[in-house]
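Let's take a walk through this structure together. We will begin at the ligand and then step back to the protein around it.

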Amino acid sequence: MSTFKAPKGTFDLLPPSSATYLAVREAIAAPLQTSGYGYIETPGFEDVSLFSRGVGESTDIVTKEMYTLTTKGGTELALRPEGTASVLRAALEGNLHKAGNLPVKLWYSGSYYRYERPQKGRYRHFSQVGAEAIGAEDPALDAELIILADQAYRSLGLRNFRILLNSLGDKECRPVYREALQTFLRDLDLDEDTRRRIEINPLRVLDDKRDAVQKQLVGAPMLRDYLCDACKAYHEEVRALLQAAGVSFQDDEKLVRGLDYYTRTTFEFVHDGLGSQSAVGGGGRYDGLSEMIGGPSLPSVGWALGVDRTVLALEAEGVELEIPAATSVYAVPLGEEARRVLFGVVTELRKAGVAADFSYGGRGLKSAMKNANRSGARYAIIGGERDLAEGVVQLKDMESGEQEPVALADLVAEVRARLG
Ligand code: HAM
């Protein structure tokens, strides 16, 4: 061990378990890639104000959790705490919305940073795969995204997750509701902090986990009763499309997300095996975000799924992903001459698309074969002086244990044929 450790709230992904993370990212991205979503990458940091304006001045993310820094040139930057504001910023800057076909559909995968109190499932550096559909107001688009996330989770073998669904209304009906809620909340017996929240972000008060608060919230005005006709119809259509697709969900009128940009559809994927950090993914519509960051009106919808929590969910369900061995063929040379020849063979195999590895470091047969075994390779190629003199190597099937000589000249073709 060195003197250094990974910073608090972070962890390293190391083989072999890192392969699971890669597989999870790929499984989440797969349905997006076949549904018209193009890949986007944005910088790991942005202007602080992109997030304070986009995610919201009053959110925990902006007030407590951002890693901010001032550059030598005096620019205020923040490590990205989420992807939506960055992706929209990049789409606007790149004029993707002017290219003619809306919605612009994008997917991404990367690291995000939040200065949170670390615990299982909650880290300061974590990983998301996300999708954003920018510039269209269409309930089918909301439904598409939820269906694709559901499909991704199912393809991984997850079953014990639930989809919570809500509508937060729009700029017509939400302000009316907000005021009604504030009037109700101001009469309650609440602490200083919560009273302040009533004025800044009253919907978050509904989310308070404390019993004493929840008891007083009985009878609070519910947003559902304040939704305007357009929002109601929109929400009903999203629900109907999900039902028609056979995706089950639970209406959760208390679902308020931790980011301020949401309008209308909001949803969360929760997993029941994860304890308090049960949200494996979430998202929703953000029809006003573009204008909030200085762009034109571009109603949009998206989600991000947490890779770390998805891996925890797989563990909780006891799902083991079938990850094919990284190596198909492992070469074991016996002696100097064989080293040169087999190293050449490995290079040829790799060029021919066969995953191959080599016993480095001049090991003896026994320890080299142990490594061959550990590599998960289906075949080992063993070559000694006598084999080479005869123009062959020994091809050993690591599953059956059978071994036979194969002419060096035929080896690549033979291995490829056997691997199918
Ligand atoms: P979010 O709900 O803040 O939404 O994060 C999405 C997911 O990222 C969470 O459900 C969780 O799985 C994971 N996550 C968040 N914070 C942490 C953490 N500290 N440690 C581990 N995992 C974490 C967003 O980020 C929105 N940008 C989603 C979105 C996209 N909305 C519209 N488009």
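Start with strand β10, which gives the most to the shell around the ligand, with six residues; strands here are DSSP E runs of at least two residues, helices are H or I runs of at least four, and both are numbered from the N terminus. This is a predicted model, in which local features need pLDDT of at least 70 and side-chain atom pairs count only at pLDDT 80 or more, while totals for chains, interfaces and linings use all residues. Residues are numbered from 1 along each chain as its sequence is written, and side-chain values use heavy atoms, with hydrogens and water left out.

Now look at the oxygen atoms of the ligand. A backbone N or O atom of Val280 lies 2.9 Å from one ligand oxygen, and a polar side-chain atom of Arg257 lies 2.8 Å from a ligand oxygen. The protein covers 96% of the 660 Å² of accessible area (Shrake-Rupley method, 1.4 Å probe) that the ligand has on its own.

Around the ligand there are 27 residues (a heavy atom within 4 Å), and Glu82, Glu116, Tyr123, Glu132 and Tyr262 come nearest.

Stepping back, you will find 16 helices and 16 strands in the protein. Its C-alpha trace spans about 90 × 50 × 45 Å along the principal axes. Of the 420 residues, 48% are buried (under 20% relative accessible area, 1.4 Å probe, protein chains only). Among contacts (heavy atoms within 4.5 Å) with a separation of 6 or more, 69% join residues 24 or more positions apart.

How values were computed
A polar contact is a pair of N or O atoms within 3.5 Å; within protein, one must be able to donate a hydrogen and the other to accept it, and residues adjacent in sequence count only if both atoms are side-chain atoms. Buried means under 20% relative accessible area, exposed over 50%, partly exposed in between (1.4 Å probe, protein chains only).
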